[in-house]
Structures are given as C-alpha cells and as structure tokens.
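Got your viewer open? Switch to a cartoon view and follow along, one selection at a time.

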Amino acid sequence: MPEGPELHMASSFVNRVCCGLVFSGSVEKSAVSKNMEVPFQCDAYIISAQSRGKEVKLTLTPVKQEDGSPSATDGEAGSPGPLDITFRFGMSGSFQLAAVEEIPKHAHLRFLTSGCPRQVLCFVDPRRFGSWAVNGSWQPDRGPCVLLEYEMFRQNVLSHLSDNAFNKPICEVLLNQRYFNGIGNYLRAEILHRLKVPPFERARTVLEASLHKEPTAELTLSKKVKVKLENPDILELCHLLPMEVINLGGKGYNSDRTDGSSAFAAWLRCYDVSGMQTLRDANGRTIWFQGSPGPMAPKGSRTTKAKSQRKTKLEEDKKPSVATEGLAAKKRKGKVEQQRSHAVPEDGPQRNAQNTEAAAGEQEDERPEQAQETRRRSERNRRKPGAKSLSMPENPAESGRRKTRAVKSRNK
C-alpha cells in the first residue's frame, strides 16, 4: 500500500510532467468506478499537486486562452475558480501520463490535454480501493504530515500521550493516522526494527522517552540536527526514514531512476526480509520484527519465521513445474523400456542371444559389471570345443538311446 513517501513522490511526479501542459474539456471517469463524478469542464486549465501524509490534492486552475479570452465552464462565459480534488490511493493507486492512444488499463479518472499530440493524466487503480473527493480538503481526522510538518507532528503526539489511544501496542498506534499521518506497514516495521523496540510494547511507554529528549534552547539549529541524526528517537525516525525512501527515487514515479525498485528492496532491513518473525496485530495487519514481540502480544498467537515473498517467488521460478517433472519422468521411463525390449528376429534363438548381448552393451552405463560379465560368458561358450549350436535341435531318438544305456549301466 502506498505510504507517505509514495504519496509525496506522486505529487512531485504530477508537478513535473504537467509543467507546461494545458488541459481542456471535461474530466472523464471510467464506467466501473464507484467514485463520484467530477463536474468540471474548462477550455483551458492547468494541474498542480501537493501531498500531506497519505493524501494527494490536485488543483485544477483555469487559465486564459491564447487569444486572451477567459476560459468557459459549463457553457457560461467567465473564469471559474480553481477546483480541488483530494485523492486517497488505497492499495494500488498512482498517477500516469500517457498518449491518448495508449491509456493504461484501470485508468479511472482522466484529464486530457489540449493541442496535438493529445496526452492524458490518469489516476490508475487496479484494485479500486482508492477514492477522491471533489472540493474536498484534507481529512480533518488526520494529523500533521510526518514529512512536511515535522514539528507540528511531534507536538501533536507528545501533547496527547495521556489519550487512551496510547494504551495500545506501539505497532498499532503507528498506523493511527490521527497521530502518524503517512506511516504505514513497511515504515512501522523499519522504525521499530532500527530502534530494537518490541512491536507489542505499550505505546505510551515507548513514546514517553521522547518527552525527555527535547533539545534545549541553548543548542543551535545545526547542533539540534546533528543530535537528531546521531541518536534519533522514534518520532525523529518517523520523519527520517520516509525521507530516505524519497531520496531513493523510483517506485513508479521517477522515470529518471530505473533502479528504484531494487534500491528500495536493498534498503529494507526488516519488512518482507527472510528470517524475520511475523505476527498479526488486533487489526489483522502483519507486523515484521526480530526478537521478542513484547508484553502485549495477542494471547495464544504464535510467531512464525517469515520467508521473503520476493525470494520465495524467485526460488519457485527456478523449480520445474509439476507438468515438466511428470513429462521428464515419462521420457526416462520410455527410454529404459525401449532399451530393455528387443524383438526376437526370425533366424532363431542364436540371433536372439546376440541381441541380448547388444542390449546388455547398451545398458553398460547403468549396469557395467553385469553387461561385461554377460559378454564374457557368451564368448567362453562359443569357444568351447565340441559345443553344440543353439540353432540345431537334438535328435529325439538319439536322446532316448542314451537314457536306456545309462539305466542298464546303473542296474549292473
């Protein structure tokens, strides 16, 4: 799910790609989206964006046309005022700029440019958990942004430590957007892991340490920054780690950085990392951690050692599929049967014996000693003096006379 850094990069992306573009016409909504229509139509307008925590606000501002005449909206003359649209990305929301002929799939809100070639800014949301509000401001129940309003964010948390919300485990409180606007699942895991704080420790117990770390007024600004970087507390990490992610770039918003995904994966130390432990909190969200879960861990729950989903997928891709293994086994079985089965030729048992020798020679890789012994025995039998030919059957009358003489000699 996109968190504070991703929302900030999304707003930066919109400002970068929309710089110098003029949009025109109505805002189009896909038929499958259940979000509200955007009742805005203008001959010429520009788009700008800003972020705050887990929200992004687009501002549509009408501009004068090239001939100097004002823009029109809804068929009426006059210049309309700016329109704000506040977006919440849900699980998979993002912005993309594309040619009109190449509109991406799941583009649920579209802003078209004027002139040629026409382009379209799209709000893309494959899972459709994202939403937008027309003329909406920031949600009132969200606190200050951990990225852009750090001092207000810090004061908001420390001044409300007596609230019942801080009786819960710290891993659950970090997802409370009223106090930690912009922190999500991967950021909370990284913050707690780097501070070696058990995820199910009481939040108030963890945060009270920040009350005694307030820098004194005698310190200069540079010294305050140095202290924060060298020994950050949990509230400072809520600001510093999102800034690190932004500096990595990539993750779908910065086209100048093609290694964003790999750099982000290398940056993670705890979240979705093999060998870490996992538990589900009271809200059913998985928390990744190392060591003891803490005294407020759910009763009866069992920690499991996690295996990275990225690594698991890579290993599964290397393994042959069940169908491939079955086909290979059939081929091996057919080859063995073909080696063992030889048709008896028309020239009798002697030729069949020679075929048996040849078959034994072909199977030499599997049973070399047996094949060589069979070959030597056959050679000795052929070289014995007076050996009878296997291909000439014995006369029955002569055989009967020999048996009679043997019986008479025993009776004597």
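How many bridges pair strand 10 with strand 11, and in which sense do they pair? Select residues 277–280 for strand 10 and look across to strand 11: there are four bridges, and the pairing is antiparallel. Keep in mind as you go that this is a predicted model.

Now pick out Leu-279, and you'll find Ile-287 of strand 11 standing opposite. Zoom out a little and add strand 12. You're looking at an open sheet of three strands, ordered 11-10-12 with antiparallel pairing. Strand 11 (286–289) and strand 12 (304–305) sit at the edges with a single partner strand each, so each has one side without a neighbour in the sheet.

Next stop: select residues 55–62, which make up strand 4. Is this strand largely enclosed or largely open? Seven of its eight residues are buried, so the rest of the structure largely encloses strand 4.

Who pairs with strand 4? Try strand 3 (residues 41–52) to begin with: eight bridges link strand 3 and strand 4 in the antiparallel sense. Click Arg-52 and you'll see it opposite Glu-55 of strand 4. Strand 3 and strand 4 form a hairpin, with two residues between them. Color Gly-53 in that turn, as its phi is positive, at about 60°.

Then add strand 5, residues 83–88. Strand 5 runs antiparallel to strand 4, and five bridges join the two. To finish, show Leu-60 together with Leu-83, its bridge partner in strand 5.

Notes
Residues numbered from 1 in each chain as written. Predicted model: local features only at pLDDT ≥ 70, side-chain atom pairs only at ≥ 80, totals over all residues. Heavy atoms only, no water. Buried < 20%, exposed > 50% of the residue type's maximum accessible area, 1.4 Å probe, protein only. Pairing = 2+ DSSP bridges.
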